[in-house]
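Here's a friendly walk through one protein chain. Have a look at the sequence and the model first, and then we'll go through a few spots together.

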Amino acid sequence: MVGRRSLGRRFGWLWAAYAVSAYGSGLGFGALPLIAVLVCRAGPAEVSALSAVGPAVGALIAVPLAPWVEFRRKRPVMIVTDLARFAVMATIPVAYAFGRLGFVQLLVVSALVAAAKIAFNAAGGAYLKALVRPDDLLVANARFESTNWSSIAVGPPLGGAAIGLFGPVTTVVADALSYLLSALGLAAIHDREEAPRSPGESPVRAGALLDGWRHIMGHPGLRALYLNNLLVAGLIMATEPLLAVLLLRQLGFPPWQYGLAFAAPCLGGLIGSRLARRVVARYGRPAVFRTVGTLRAIWLIGLAFVRPGVVGLVTVMAVELAIIINMSLYTPVLATYRLEHTPGHLVARTLTAWSIGQQVSIAILTALGGLLADVTSPRTALTVAGLLILATPLLLPRHERTPRHEPELPRSHHA
């Protein structure tokens, strides 16, 4: 069972740090656009820029960080990026208290936090690969996935209530403090991680910046999964603003129903993530990629048929629940496969390349979806997204490759 298998004290601290950060981010979900509207009086174009341009700029900033992360001890990198996010986020309540908070500051914060998140996740993936046994990677990734979805289910409703009671920057304060607590949890691990071997040349050479993409595109299995993920993640995320306009503005759903429609189905993430190990053991990983990867994609078209009232609310919740159960089962299997098929000296750069590609894809497809909705209607744009995603299973790999042999590198004593 995923919930009962012990992975050791060090993993316990790592998981606790991740959970604190995840729940802080859940509380602060959507806080920056909300502050932009309520405090900075931003219009629709500025809010869209904050949601798309900020993370896209952060992805560009993260490109030169990948080699820097790769050739350094990973736990200190994670602590530094947590502290950086704490410091950057903390500037918002400080500026608000002095009446100096502006839209440009929110944009800068959005970009820097996005870059730090990519660097943190890259270091965290490499650290996890060294921290747990290969047979436990799927269990560990499933626990992270379960925590992620539970934080999304619980955090936004509580965050909305906190903002209503204590003001617009309340959840930003909570989010900032969660990064500080995460850094303290990582510091409590107290291991003696060995420094990675020197690459023998400057880690910031032009080629090092692209090594992650070279590895992904040169590996048939990873390449197929990467291209599939770019489109699936981008198309699913592109529907969020479209659905907000459709439900809140055109169909007249009250805000609490809109929040419930997205928060309640996230509990399905607990189901999928807990099933991942048993489903892989019974049916095999190739079957999970093909079957569950396909099931992630077939439900999105249902959002185009949402109607007013209780029936419409139930439709949204049912579609979201089906998508999330399959995503939460598929994602830890994908994360484990990606680590197993990536040599240790390329993990950070590969994960960075993966995150950057996904972030850019989401930004582009979200912008295109918004343009299409302006020209036609949100329902038409949702229909197009739902039809396009039906073709994405064609990109899934048909056969699983065995992991490439890599020379055994010195590993920390905690491996």
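What follows covers a helix pair, the nonpolar cores and a handful of single residues.

This is a predicted model, where local features need pLDDT of at least 70 and side-chain atom pairs count only at pLDDT 80 or more, while totals for chains, interfaces and linings use all residues. Residues are numbered from 1 along each chain as its sequence is written, and side-chain values use heavy atoms, with hydrogens and water left out.

**A pair of helices**

Helices here are DSSP runs (H or I, at least four residues), numbered from the N terminus. Let's start with α2 (residues 31–38) and α6 (residues 103–131), which pack at an angle of about 175° with their axes 10 Å apart. The axes are lines fitted to C-alpha atoms over the stretch in contact, and angles run from 0 to 180 degrees between N-to-C directions. So α2 and α6 are roughly antiparallel to each other, a label used for angles over 145 degrees.

Who meets whom? On the α2 side there are Leu32, Ile35 and Ala36, and they meet Phe103, Leu106, Val109 and Ser110 of α6. Contact means heavy atoms within 4.5 Å. By class, this contact has six nonpolar residues, one polar and no charged ones. For those classes, Ala, Val, Leu, Ile, Met, Phe, Trp, Tyr, Cys and Pro count as nonpolar, Asp, Glu, Lys and Arg as charged, and the others, Gly among them, as polar.

**The nonpolar cores**

A nonpolar core is a set of buried Ala, Val, Leu, Ile, Met, Phe, Trp, Tyr and Cys residues joined through side-chain atoms within 4.5 Å. Buried means under 20% relative accessible area, exposed over 50%, and partly exposed in between (1.4 Å probe, protein chains only). The largest core has 28 residues, and Phe11, Leu14, Met78, Leu128 and Leu186 touch the most other members. Helices that each supply at least two residues include α1 (9–27), α7 (137–166) and α15 (347–375). The biggest giver is α6, with eight residues. Apart from this core lies another one, of 27 residues, among them Leu246, Phe262, Leu365 and Ile389.

**Some single residues**

Here is how a few residues compare on accessibility.

| Residue | Helix | Relative accessibility | Class |
|---|---|---|---|
| Arg75 | α5 | 11% | buried |
| Glu70 | α4 | 3% | buried |
| Ser178 | α8 | 4% | buried |
| Ala56 | α3 | 22% | partly exposed |
| Leu181 | α8 | 49% | partly exposed |

What does the side chain of Arg75 reach? It's the backbone oxygen of Leu186, at 2.8 Å. Leaving out residues up to four places away in sequence, Arg75 also touches others, including Tyr127, His190 and Glu193. With that same gap in sequence, Leu186 touches Leu14, Ala17, Arg75, Met78, Ile79, Asp82 and Phe120.

Ser178 has a side chain that reaches the backbone oxygen of Asp175 at 2.6 Å. Beyond its neighbours within four places in sequence, Ser178 is in contact with Val20, Ser21, Gly24 and Ser25.

For Glu70, the residues touched more than four places away in sequence include Pro196, His345 and Arg349.

Ala56 touches Gln359 and Ala363, again setting aside residues up to four places away. Ala56 and Ala115 are 59 residues apart in sequence, with their C-alpha atoms 9.0 Å apart in space. Leu181 and Ala318 are 137 residues apart along the chain, and 35 Å separates their C-alpha atoms.

Notes
Parallel < 35°, antiparallel > 145°, perpendicular 65-115°, else oblique. Polar contact = N/O pair within 3.5 Å; in protein donor to acceptor, adjacent residues only side chain to side chain.
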